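Biologist: Can you pull up the model? I'd like to go through the helix packing.

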Amino acid sequence: MPITNQQVAGHVFLLQMYDDPYFPDRVVDEGKAILRRLCERIEAEQPSDPASLYVLTQAATEEFNVLDEGFVAAGSGIETVAREWICEEFRFVASAYGFTSADAEELTAGRDW
């Protein structure tokens, strides 16, 4: 399903990670795919309140939890700086879909990275 939100469609997810050689592009690509799937789910399911949004962001957070193993296997990992970049992308997504008051911590509350 193509993303219809123009702000999201034109956004380059995880750009800072692509710019840092510590993070392998092939693994960052998987992170970008997680975020794009999150956007697709938001557009398909149209959550009506932050609680409904958090259900979707928690599923994406769980995918990032698994992806961290891919980073570690590639000699990298989701550490402090990457964690901030990824969380920033979750905040961007929430804001782009009108959830400007969504709790930043709640968006990725299930993270283990």
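Modeller: In H5, the buried residues (under 20% relative accessible area, 1.4 Å probe, protein chains only) are Ala82, Trp85, Ile86, Cys87, Glu89, Phe90, Phe92, Val93, Ala94 and Ala96. This is a predicted model, where local features need pLDDT of at least 70 and side-chain atom pairs count only at pLDDT 80 or more. Side-chain values use heavy atoms, without hydrogens and water, and residues are numbered from 1 along each chain.

Biologist: What covers the buried residues of H5?

Modeller: The cover includes H1 (6–9), H2 (15–19), H3 (25–45), H4 and H6 (104–107). Contact means heavy atoms within 4.5 Å.

Biologist: At what angle do H4 and H5 pack?

Modeller: About 155 degrees, with the axes of H4 (residues 50–73) and H5 (residues 80–96) 12 Å apart. H4 and H5 are therefore roughly antiparallel, a term for angles over 145 degrees.

Biologist: Which residues make that contact?

Modeller: H4 gives Leu53, Thr57, Ala60, Thr61 and Phe64; H5 gives Ile86, Phe90 and Ala94. By class, six are nonpolar, two polar and none charged.

Biologist: New topic. How do H3 and H4 pack?

Modeller: Their angle is about 165 degrees, and the axes lie 10 Å apart. So H3 and H4 are roughly antiparallel to each other.

Biologist: And which residues of H3 and H4 meet?

Modeller: On H3 they include Val27, Ile34, Leu38 and Glu45. On H4, Leu56, Ala59, Leu67 and Phe71 are among them. The residues of this contact divide into 13 nonpolar, three polar and five charged.

Methods:
Axes fitted to C-alpha atoms, helices over the stretch in contact; angles between N-to-C directions. Helix = DSSP H or I, 4+ residues; strand = E, 2+ residues; numbered from the N terminus. Parallel < 35°, antiparallel > 145°, perpendicular 65-115°, else oblique. Nonpolar A, V, L, I, M, F, W, Y, C, P; charged D, E, K, R; others polar. Buried < 20%, exposed > 50% of the residue type's maximum accessible area, 1.4 Å probe, protein only.
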